[in-house]
Amino acid sequence: MQERLHDPYVRVRGAREHNLAGVDVDIPRDALVAFTGVSGSGKSSLAFGTIYAEAQRRYFESVAPYARRLIHQVGAPAVGEITGLPPAVSLEQRRSSPNARSSVGTVTTLSNSLRMLFSRAGRYPEGAERLDSDSFSPNTAVGACPSCHGLGRVHDTSEELLVPDPELSIRQGAIAAWPGAWQGKNLRDVLDTLGYDVDRPWRELDAKDREWILFTEEQPVVTVHPVRDADRIQRPYQGTYMSARRYVLRTFSDSKSPTLRTKAERFLTSAPCPVCGGARLRPEALAVTFAGRTIAELAGLPLTTLSGLLAEAGAEGTETARVLTADLVARIVTVTELGLGYLSLDRATPTLSNGELQRLRLATQLRSGLFGVVYVLDEPSAGLHPADTEALLVVLDRLKAAGNSVFVVEHHLDVIRHADWLVDVGPHAGVHGGRVLHSGPPDGLAEVEASATRRFLFDRAPAPGREVREPAGWLRTGPVTRHNLRAVDAAFPVGVLTAVTGVSGSGKSTLVGALTEEVAGVERLVTVDQRPIGRTPRSNLATYTGLFDVVRKLFTETEEARARGYKAGRFSFNVTGGRCETCQGEGFVSVELLFLPSTYAPCPDCHGARYNPETLEVRLRGLTIAEVLDLTVEAAAAFFDDTPAAARSLRALLDVGLGYLRLGQPATELSGGEAQRIKLASELQRPHRSPTLYVLDEPTTGLHPADVEVLMRQLHGLVDAGHSVVVVEHDMDVVATADWVVDLGPGGGDEGGRIVAAGPPDRVARAAGSRTALYLARSTGLAGRP
């Protein structure tokens, strides 16, 4: 018993989560452990779905009995037993809902420290009352500018935006900003009742009437007598008028629907708040300075600049200022060590990449001082330049040295080589994976022939040389002045594969963003980004690619469906008729946990199938619609082999290495890299007519090197077919296979924003002043050569 108490291993027995095949594995604590394997092999199921999920379940066991009774409905991970498991902290790349008030400062809590500094050690105007720290926050009632409510920008509209075509009458839809359907008709009827001419062209209406209709703050209530239709009885009702401006502003600020908000935004202009000048705070807070600057000015500085300024000012100030600035500088250092020194405290989190956001959370954990915890990280190197990856390894080592265990799901070979212990899962994806091939020091993987990771980890030979394609023309952008780019002119070759490189924050995505359909020479532009393919579990792989329409049509053609008169809608889980009404076709129900966040449990009626029993009685070649949605892409390709419309979509998904995904896998469960490849597959299955420019932002993020090879074959295939491809990329092995490289830098933020080198990979690998050159030289085989 004493021996077991001091067992230095987390011992997992019989793990069967997702595709794990009854895995038994022993993982050391107080070590940096890398979980590797191809995409879909089961490494995340082991690290997050089993180890972290079990630690979380044990934590919930300690809460009140009532909540514990409800938690059991959620279900524990499918595992026999785990011993030696400490408390766990998860740092995943998933982001919460976008929030304009969330910033780098709020995520890292650095804003709290800066506010305290201004409250206690700021220079106040003579006779001014000292303010508490909340008065320096744009997110509190006492601090926010009353004009813009702490957002820094004000939105308004104009007659030209609200009425794009003044030749139309109100009845014909002149006020384009108004809602459609009944609500729009109601507003027209109310105006008619108020005595306004809704059938006269807008431009012929009196200017005073046009002003009132669009901009009044009044909301008169009148009795509307609708025009009677012969086939329906319509009774009088009380209708309230709302001006077009009021409707647009209210929809933009209050609507929970992204679609309605996006539509409303089309009719709005945005400008810095005239009262606070975009600083977001009340005048009394902006009157206080530290080191000669307001808190808004300091929050707008890159963190590296802010750190130097605070250190200098603190040394010359009072004891209070010295203590507070020393704490702030120490906190900033943990962020800059992770290669994020180019960010400012006021940078909004919706504008950050997933990798940047995860590293900010990691920096916060570094300062927490926790001991004896297992940190489970999801690809902390994602979106990092090789130069920044070296700094990340130092930070991971510090977490370990503080007495913690660090488990990382990782594809980056430098991070894997740096690990103390390696758990390689495979050999392939989905049903062909789910086994632990190796658990031990990284060197031991060299003996495991079945591992897809082995070849990349130990064969360091540079990729074989490939003949560089000659450009068929040039796309010229600029001068681009945005974010940290200052009047940058760039040229991108046509008919080749171009890689845009540079350290994090150097301006790569901003520069590529200048490639629009307005650029001379761009016939057709396709941007394939990592944004989700849907924001709810109702959106999935099958619905996004159009495959679900084909599948539902096949089900309607079965004898059973024809006999029952079932149409395609019967086989949709989004509409009434065929879906399970208990869970509204979602497959799960929300479980309220009072003081804990609500969680989800499988639907008690359909048990996750999403359809009612009658719909599930219809089978296509022995499978129900729910069972078809549960097929992997690989299994579905065999099942629908004789259906050309389905086979084409499935073949495209297989070609980008997504054979392990299920057809019905919710969009919310997909990584950014998976979402990007699904979009690419949707594009690949279309017939290509005109030459197309494909722009991809870090397409290899989240991909095992074996999957990268599959993806690059597709991208080079597009170029060979006469198209142009531009990728923003950090993987030097990918950059080495490009025809042309545009390298930005030399640093991030204010230290970057210019083109350091451009040309074929071997030329850029020799460029002086480029932080990319050294790492690219290793991949092109030029390292060590003169």
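Q: Which helix holds both Glu54 and Arg57?
A: Glu54 and Arg57 are three residues apart, about one turn of the helix. The model is predicted: local features need pLDDT of at least 70, side-chain atom pairs count only at pLDDT 80 or more, and totals for chains, interfaces and linings use all residues. Residues are numbered from 1 along each chain as its sequence is written, and side-chain values use heavy atoms, leaving out hydrogens and water. A helix is a DSSP run of H or I with at least four residues, numbered from the N terminus, and the one that holds both residues is α2.

Q: Which residue forms a salt bridge with Arg58?
A: A salt bridge puts a side-chain nitrogen of Lys or Arg within 4 Å of a carboxyl oxygen of Asp or Glu. For Arg58, the closest N and O atoms are 2.8 Å apart. The two residues both lie in helix α2, four residues apart. The partner is Glu54.

Q: Is Glu54 buried or exposed?
A: Buried means under 20% relative accessible area, exposed over 50%, and partly exposed in between, using a 1.4 Å probe and protein chains only. Arg57, at 25%, therefore counts as partly exposed. Glu54 has a relative accessible area of 6%, so Glu54 is buried.

Q: How many residues apart are Arg564 and Glu617?
A: These two form a salt bridge, with the closest N and O atoms 2.5 Å apart. The pair links distant parts of the chain. Arg564 is in helix α22, while Glu617 is in the loop between β19 and α23. Along the chain, the separation is 53 residues.

Q: In β4, which residue is the bridge partner of Arg11?
A: A strand is a DSSP run of E with at least two residues, and two strands pair if DSSP finds at least two bridges between them. Strands β1 and β4 pair in the antiparallel sense over three bridges. They belong to an open sheet with the order β2-β1-β4. In β4, the partner of Arg11 is Thr83.

Q: Which helix gives the largest share of the largest nonpolar core?
A: A nonpolar core is a set of buried Ala, Val, Leu, Ile, Met, Phe, Trp, Tyr and Cys residues joined through side-chain atoms within 4.5 Å. This one has 141 residues, and Phe640 is one of those that touch the most other members. The largest share is seven residues, and they come from helix α27.
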